[in-house]
Amino acid sequence: YRFFGEPVVEACVENGASCIDISGEPQFLEGMYLKYNERAAEKGVYVIGSCGFDSIPADMGVLYTRDNLKGTLTAVESFLKVKSGPEGTCVHDGTWKSAVYGLADQDSLRKLRKKIGYAPVPVVGAKLKTRGFVFYNQEFKEYSIRFMGSDGSVVKRSQSYLHTELQETPVQYGAYVNIGGLGSVIKLMFAGILFLLLVKFSFGRKLLTKYPEFFSAGFFTKKGPTQKQMDGTSFTMTFFGEGYSEGQDPQNGKPNVKICTEVKGPEPGYIATPIAMVQAAVSLLEDAACLPKRGGVYSPGAAFSKTKLIDRLNKRGVEFSVISKPEV
């Protein structure tokens, strides 16, 4: 999207068509907000980014968790687990390239955010602690790492919009991935250090993009997954939320209520992503009265919080459910 996404957004906005994409690149998503939000609003069209696996499960999952807690949800952590069958799993190298160019260009993202000048979102309730980069997760009995995709930034943008425009209580959010045992951690650390060293130099980036299979231990390939690999792969995203029961003031004392929810679905990149994207498009067309009043560039949670998107996804195999009811 960094190289090829903007002409599509520009053409849609200028010609009065709404636009949905499946980008997971924060720099593209937020750059389009800076450049086209006002023009899209004038034209009365909606530009909604990250409507694939990045970041509908996370963004709508936080809203689903909030809506199922009786009281005020103030913080959520999500843990992603991707299960693969006997054939293993792999991802096309387009995603790998997004990561290479994104990490190489983090300074530009910082400058872009300064230009946008996001209003700080207040912390309501107890502050959510940021966990270490790698940690042992007692809930799942395996190691977890911080999720390096766009989910965190997308959820933050949605929460900022819902707070400033609709006066809803903002939810703090942390995104993580479960990776398995100690062997997986050691392999990942080694690959990660090599990746971070190479990504700083143009020669290193050339190597990374030319030989994705070698540098990702076969996880990213130029061919992408086989049908058998896709059939054997699924994902689960588990959300642990905490907040304050009805009548309890979130500004006083510790959170006194917890909830656990889940979003699960088929293989994330090639099966769940198109399901999410198509249902987002259907919601955009059929739930027009429930969209934000004015057009503009939106994240999924901001655009779809009042629509029937979650019901639509549930009917098509990306399922949202409450695992443990809110407990005081």
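## Exercises on a predicted model

At 17% relative accessibility, Arg66 counts as buried. This structure is a predicted model, and the exercises below start from that residue.

**Exercise 1.** Find the acidic residue whose side chain meets Arg66 in a salt bridge, and say where the two partners lie.

*Solution.* Begin with the contact: the side chains of Arg66 and Glu168 form a salt bridge, at 2.5 Å from N to O. Next, place the partners. Arg66 belongs to helix H3 (residues 56-67), while Glu168 sits in the loop between helix H6 (151-166) and strand E7 (172-180), so the pair, 102 residues apart, links distant parts of the chain. Then check the burial of the acid: Glu168 has a relative accessible area of 18% and is buried, because the cut-off for buried is under 20%.

**Exercise 2.** Work out whether Glu77 and Arg131, another salt-bridge pair, are buried or partly exposed.

*Solution.* Their side chains meet at 2.9 Å, N to O. Glu77 lies in strand E3 (residues 72-83) and Arg131 in the loop between helix H5 (106-116) and strand E5 (134-137), so the bridge ties together parts 54 residues apart in sequence. Now compare each value with the cut-offs: Glu77, at 10%, is buried, whereas Arg131, at 31%, is partly exposed.

**Exercise 3.** Do the same for Asp93 and Lys222.

*Solution.* The closest N and O atoms of this salt bridge are 3.4 Å apart. Asp93 is in helix H4 (residues 93-104) and Lys222 in the loop between strand E8 (220-221) and helix H10 (227-231), with their positions 129 residues apart in the chain. Asp93 is buried at 4%; Lys222 is partly exposed at 47%. To widen the view, salt bridges with shared partners join Arg66, Asp67, Glu168 and Lys306 into one network. The count for the structure comes to 16 salt bridges.

**Exercise 4.** Explain why Cys19 and Cys12 do not form a disulfide.

*Solution.* A disulfide needs two cysteine sulfur atoms within 2.5 Å. The closest cysteine sulfur to that of Cys19 is in Cys12, 4.2 Å away, so the gap is too far for a bond. The search of the whole structure agrees, with 0 disulfides.

**Exercise 5.** Describe the largest cavity and what surrounds it.

*Solution.* Start with the volume, about 60 Å³. Then look at the lining, whose residues include Val9, Asp21, Phe28, Arg157 and Tyr298. Sort the lining by type: 7 nonpolar, 3 polar and 2 charged residues. Finally, ask which element gives the most: H2, with 3 residues.

Technical notes:
Residues numbered from 1 in each chain as written. Predicted model: local features only at pLDDT ≥ 70, side-chain atom pairs only at ≥ 80, totals over all residues. Heavy atoms only, no water. 1 Å grid on protein atoms, 1.4 Å probe; cavity = no way out; pocket = protein on both sides within 12 Å on 5 of 7 lines; lining within 4 Å. Points joined across faces, edges and corners; volume = space filled by probe spheres on them. Helix = DSSP H or I, 4+ residues; strand = E, 2+ residues; numbered from the N terminus. Nonpolar A, V, L, I, M, F, W, Y, C, P; charged D, E, K, R; others polar. Salt bridge = Lys/Arg side-chain N within 4 Å of Asp/Glu carboxyl O. Buried < 20%, exposed > 50% of the residue type's maximum accessible area, 1.4 Å probe, protein only.
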